[in-house]
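Colleague: I would like to go through this model with you and ask what stands behind the words used for it.
Modeller: Go ahead.

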Amino acid sequence: MVSRVIPVDAFDLVIFGGTGDLAKRKILPGLYRRFQAGQMTENSRIIGAARADLNEDSFRALVAEAIEEFVPKDRQDSKIVAQFLEKIGYVSIDATGEGGWGKLKDLMRDGVVRAFYFSVAPSLFGDIAERLHLHEIADAQSRIVVEKPFGRDLASAKALNAVLAAHFTEAQIYRIDHYLGKETVQNLMAVRFANILFEPLWKAEYVDHVQITVAETVGVDGRGAYYDKSGAMRDMVQNHMMQLLCLIAMEPPYHFDPDAVRDEKLKVIRALDPVKPEHIVRGQYLAGGGEGSYVEHSEDPSSKTESYIALKVNVSNWRWQGTPFYLRTGKRLRARASEIAITFKQPPHSIFDDAKGWLENVLVIRLQPNEGMNLMVMIKEPGPGGMRLMQVPLDMAFADALGVDAEDVPDAYERLIMDVIRGNQTLFMRGDEVEAAWAWTDPLIEGWEARGDKPQGYDAGSSGPEDALMLMHRDGRRWREIKG
Ligand code: NAD
């Protein structure tokens, strides 16, 4: 089945930080893929804006290199690359100075969507927002896209929101959380709200617990100094994992409309209880597998920053009271795997007296690798010899089920940038959501800082610290195996 591609309106997209790592790895290759798919129309343009003193040709060469490096070889087509490069422009701009803005203004066209991607450090958001207005480059219809991290606590997130709100309305601001652009994450909403099967069971009465895992094999490597100011809680839980939790726990919105969806997510964040210290496990990876330990990378031998965190979270509302949500994320773990697993309760009564091996139904939503869903169900083991039960997966690997090549499923960034051009904010975080998430996060971090808690060491290539296993064992439950 070939998916339908609906072209978006013509646009001028300015990428501040167009020479940076994110632009090269994700934004520019993603735009090329959308151009190749026919979604970005002929009349659209992309303008790189960064400090580097490049001209149009040298920036185009940089874009060509990024495509060569980050687009799969069999999806590179020199003719299409050449056509794509014709759409690329460049302006050298220092966000904190006045040079270059006049040239940018001259490049912008009327009658097309104007979007500005702030792929720069958040400390520059204010400078850019202000100058876009001062030089009359942005208008009331323009859209801005901002990257994570959106603050490092509630106060800084509020300050960032205020800086942006001074020049743009909330309807113009697209806060990216690329997890929301993943195919499976959106499918989670389709599965919940387009089927009758799951929603009646989607509550504490029938759901024993939920596990959300984001496991990475990489360490902090060259990013030690940055990561040391962040840690797994700020880097992963406050944003990505919180968004996943919201999509599982939220009530059905009255309509698939940006504010209706975001209102429901906000209610979930507000319903989160503070997490007790005994329900938080923080870890730091040790040396192993030929790589140094976390502290060796962090430049601070006494660093207490967590490269792993596990939490038991309670959503305090009618639907979820009594169903814990277990979250864990970490670096240098045994496999790169992200998934959500919804474990249902056992049936209230067994009619099979000698049924052996009875397990719960589990709905597993895999984010990576192999995006897809798996529903674990019990069946009878084939053959004679009594009623023996076994668990089998009803596997829905999307690429297989839909007959598409996994390479052709748009990457999260591709989808989200197209949503910006379409003016659809459903998959972007609203300012109040981000603030509510920090309001829940801050006291947890302040708590372990005040207690002087040290993260527990864990072996590189393991499933995380021992205490994280205990967090589940104490409740008579087990983490699912981390499998790539
Ligand atoms: P980077 O350091 O590789 O690139 C920064 C870019 O900003 C460069 O193009 C540079 O020229 C430009 N820049 C710096 N100072 C400037 C100034 N004064 N005026 C104009 N341009 C200036 O950074 P990056 O990794 O591309 O990250 C960009 C943003 O995206 C950051 O906020 C980062 O946190 C966020 N982000 C990055 C990634 C990633 O994978 N790289 C992932 C998620 C979020």
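Colleague: Where is Met390 placed?
Modeller: This is a predicted model, and in it Met390 belongs to strand 14, residues 389-397.

Colleague: Why is Met390 called partly exposed?
Modeller: Its relative accessibility is 27%. Buried means under 20% and exposed means over 50%, so at 27% Met390 counts as partly exposed.

Colleague: What does Met390 touch, apart from its neighbours within four places in sequence?
Modeller: Met390 is in contact with Val377, Met378, Ile379, Lys380, Glu381 and Pro382. Met376 is 14 residues from Met390 in sequence, and the C-alpha atoms of the two are 9.9 Å apart.

Colleague: Which sheet does strand 14 belong to, and in what order do the strands run?
Modeller: Strand 14 is part of an open sheet of 9 strands with the order 14-13-12-11-7-10-9-8-15 and mixed pairing.

Colleague: What makes strand 14 and strand 15 edges?
Modeller: Each has a single partner strand, so one side of each is left without a neighbour in the sheet. From one strand to the next, the twist averages 20 degrees.

Colleague: How do you know that strand 12 and strand 13 pair?
Modeller: Pairing needs at least two bridges, and these strands, residues 362-368 and 372-380, have 5 in the antiparallel sense. In one of them, Leu363 has Leu375 of strand 13 as its partner.

Colleague: What packs on the sheet?
Modeller: Helix 9 does, touching strand 7, strand 9, strand 10, strand 11 and strand 12, with its direction at about 145 degrees to that of strand 10. Helix 15, residues 466-473, also packs there and touches strand 7, strand 8, strand 9, strand 10 and strand 15. The direction of helix 15 makes about 15 degrees with that of strand 9.

Colleague: Why is strand 8 described as largely enclosed?
Modeller: Strand 8 covers residues 280-285, and 6 of the 6 are buried, so the rest of the structure largely encloses it. Ile280, Arg282 and Gln284 point one way, Val281, Gly283 and Tyr285 point the other way, and all are buried.

Colleague: In what sense does strand 8 pair with strand 9, and in what sense with strand 15?
Modeller: With strand 9, residues 308-313, the pairing is antiparallel over 4 bridges, and Gly283 stands opposite Tyr308. With strand 15, residues 456-458, the pairing is parallel over 3 bridges, and Gln284 stands opposite Gly457.

Colleague: Why are helix 10 and helix 14 called roughly parallel?
Modeller: Helix 10 (residues 258-270) and helix 14 (residues 431-451) pack at an angle of about 10 degrees, with axes 9 Å apart. Angles under 35 degrees count as roughly parallel, and the two helices are therefore described that way.

Colleague: Which residues meet there?
Modeller: Arg262, Lys265, Leu266 and Ile269 of helix 10 meet Asp432, Glu433, Ala436 and Ala437 of helix 14. By class, this contact has 4 nonpolar, no polar and 4 charged residues.

Colleague: What makes Gln238 buried?
Modeller: Gln238 lies in helix 9, residues 231-249. Its relative accessibility is 6%, and the limit for buried is under 20%, so Gln238 counts as buried. Beyond four places in sequence, Gln238 touches Met233, Val434, Ala437, Trp438 and Thr441.

Colleague: What is unusual about the backbone of Glu136 and Arg332?
Modeller: Most residues other than glycine have a negative phi. Glu136 is not a glycine, yet has a positive phi of about 55 degrees, and Arg332 likewise has a positive phi of about 55 degrees. Glu136 sits in the loop between helix 5 and strand 5, and Arg332 in the loop between strand 10 and strand 11.

Colleague: Is each of them buried or exposed?
Modeller: Glu136, at 58% relative accessibility, counts as exposed, whereas Arg332, at 11%, is buried.

Colleague: Where are there cis peptide bonds?
Modeller: One joins Lys148 and Pro149, with omega about 5 degrees, and another joins Gln368 and Pro369, with omega about -5 degrees. Pro369 lies in the loop between strand 12 and strand 13.

Colleague: How do you know that the protein is as compact as a globular protein of its length?
Modeller: The protein has 15 helices and 15 strands. Its radius of gyration is 24 Å, close to the 23 Å that the globule rule gives for 484 residues, so the protein is as compact as a globular protein of that length.

Note on methods
Residues are numbered from 1 along each chain as its sequence is written. This is a predicted model: local features need pLDDT of at least 70, side-chain atom pairs count only at pLDDT 80 or more; totals for chains, interfaces and linings use all residues. Side-chain values use heavy atoms; hydrogens and water are left out. Buried means under 20% relative accessible area, exposed over 50%, partly exposed in between (1.4 Å probe, protein chains only). Contact means heavy atoms within 4.5 Å. Axes are lines fitted to C-alpha atoms, for helices over the stretch in contact, and angles run from 0 to 180 degrees between N-to-C directions. Angles under 35 degrees count as roughly parallel, over 145 as roughly antiparallel, 65 to 115 as roughly perpendicular and the rest as oblique. Ala, Val, Leu, Ile, Met, Phe, Trp, Tyr, Cys and Pro count as nonpolar, Asp, Glu, Lys and Arg as charged, and the others, Gly among them, as polar. The radius of gyration is taken over C-alpha atoms; the globule rule is 2.2 Å times the number of residues to the power 0.38.
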